[in-house]
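Reader: I should be grateful for a close look at the strand pairing in this structure. Please then connect that account with the pockets and with any individual residues for which details are available.

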Amino acid sequence: MNIYEKMHRGEIYDPNNKELMKEQLGYLDRLYDYNHTRPSELPKREALLREMFAEIGEGCYIEPPLHTNFGGHHVHFGKNVYANFNLTLVDDTHIYVGDHTLIGPNVTIATAGHPILPQLREKGYQYNFPVHIGRNCWLGAGVIIVPGITIGDNVVIGAGSVVTKDLPSDVVAVGNPCRVLRKINEHDREYYFKDRKINYEELP
């Protein structure tokens, strides 16, 4: 099994492999270019994201600075995904994000971990497991998602939550560790925030 197979199969491997690091630095150079674009250079940003990411749909926007381990090379975004400032994607293996998902500032989505055994950690070993996030989700500011997590569709995750277990579709989840607070329900069809009612007649 080669180093790339180990990366994407959850095996323990050495991320300091010379061939791997050379490839990784090339991706990070492109990330540097993205993070140093001007706010007015929207077409350039869009073109760079298409080069950097494994997949990215129409209508996606990511506020710089963006931080990634592999420059987005293992990241798959659907269409109309929005990510606010300081998104960190530890994309040592694949990250999947569905259409119309909103990502707040300072969110971390991690695929990489390190063994608990100190003797393995001091040698620099790591392992990776993919993260899957469904469509039409909202990740609040400062959310952290750890390796191997699957999140369903239409999920709202409260600010500062640490997601350590899978989440089903159509729920609001909060906390550290993150737990399901409730299902999305009829109340949410009437109110958008506390006592603020949705005025459907004024919506475009």
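Author: Strand S14, residues 144–145, and strand S17 run parallel and are joined by two bridges. Within this pairing, isoleucine 144 of S14 has valine 162 in S17 as its bridge partner. The model under discussion is a predicted one.

The pairing of S14 with S17 belongs to an open sheet of five strands, in which the order is S3-S6-S9-S14-S17 and the pairing is parallel. Strand S17, which spans 162–163, is an edge strand, as is S3; each of these pairs on one side only.

From the S3 edge, the sheet may be followed strand by strand. Strand S3, residues 66–68, pairs with strand S6, residues 87–90, in the parallel sense over three bridges. Here threonine 68 has leucine 89 in S6 as its bridge partner. Strand S6 also pairs with strand S9, residues 108–110, again in the parallel sense and over three bridges. In this second pairing, valine 90 stands opposite alanine 110 of S9. As a general point, the side chains of a regular strand alternate between the two faces of the sheet.

Threonine 150 is placed in another strand, S15, which comprises residues 150–151. Because its relative accessible area is 35%, threonine 150 counts as partly exposed. Apart from neighbours within four places in sequence, threonine 150 is in contact with His132, Asp166 and Leu167. Glycine 134 lies 16 residues away from threonine 150 in sequence, and the C-alpha atoms of the two are 8.0 Å apart in space.

The pockets may be considered next. The largest pocket holds about 800 Å³ of space. It is lined by 28 residues, and those closest to its centre are Trp138, Val156, Val172, Asp188 and Tyr192. Four elements give two or more residues to this lining: strand S16 (156–157), strand S18 (171–174), helix H5 (187–190) and strand S20 (191–193). By class, the lining of the largest pocket consists of 16 nonpolar, seven polar and five charged residues.

The second largest pocket holds about 170 Å³ of space. Among its 13 lining residues, Leu42, Glu46, Leu49, Cys60 and Tyr61 lie nearest the centre. Helix H3 (42–52) and strand S2 (61–62) are the elements that give two or more residues to this lining. The largest share, six residues, comes from H3. The lining of the second largest pocket divides into eight nonpolar, two polar and three charged residues.

Helix H3 leads to a further residue, threonine 37, which is placed in the loop between helix H2 (18–35) and H3. Threonine 37 counts as buried because its relative accessibility is 8%, under the 20% limit for that class. Its side chain makes a polar contact of 2.8 Å with the side chain of arginine 45. A polar atom of the threonine 37 side chain also lies 2.8 Å from the backbone oxygen of tyrosine 34. Beyond its neighbours within four places in sequence, threonine 37 is in contact with Lys44, Arg45 and Leu48.

Two threonines have thus been described in detail: threonine 37 is buried, whereas threonine 150 is partly exposed. As for the sheet with which this account began, its order is S3-S6-S9-S14-S17, and its edge strands are S3 and S17.

Conventions: Residues numbered from 1 in each chain as written. Predicted model: local features only at pLDDT ≥ 70, side-chain atom pairs only at ≥ 80, totals over all residues. Heavy atoms only, no water. 1 Å grid on protein atoms, 1.4 Å probe; cavity = no way out; pocket = protein on both sides within 12 Å on 5 of 7 lines; lining within 4 Å. Points joined across faces, edges and corners; volume = space filled by probe spheres on them. Nonpolar A, V, L, I, M, F, W, Y, C, P; charged D, E, K, R; others polar. Buried < 20%, exposed > 50% of the residue type's maximum accessible area, 1.4 Å probe, protein only. Polar contact = N/O pair within 3.5 Å; in protein donor to acceptor, adjacent residues only side chain to side chain. Contact = heavy atoms within 4.5 Å. Pairing = 2+ DSSP bridges.
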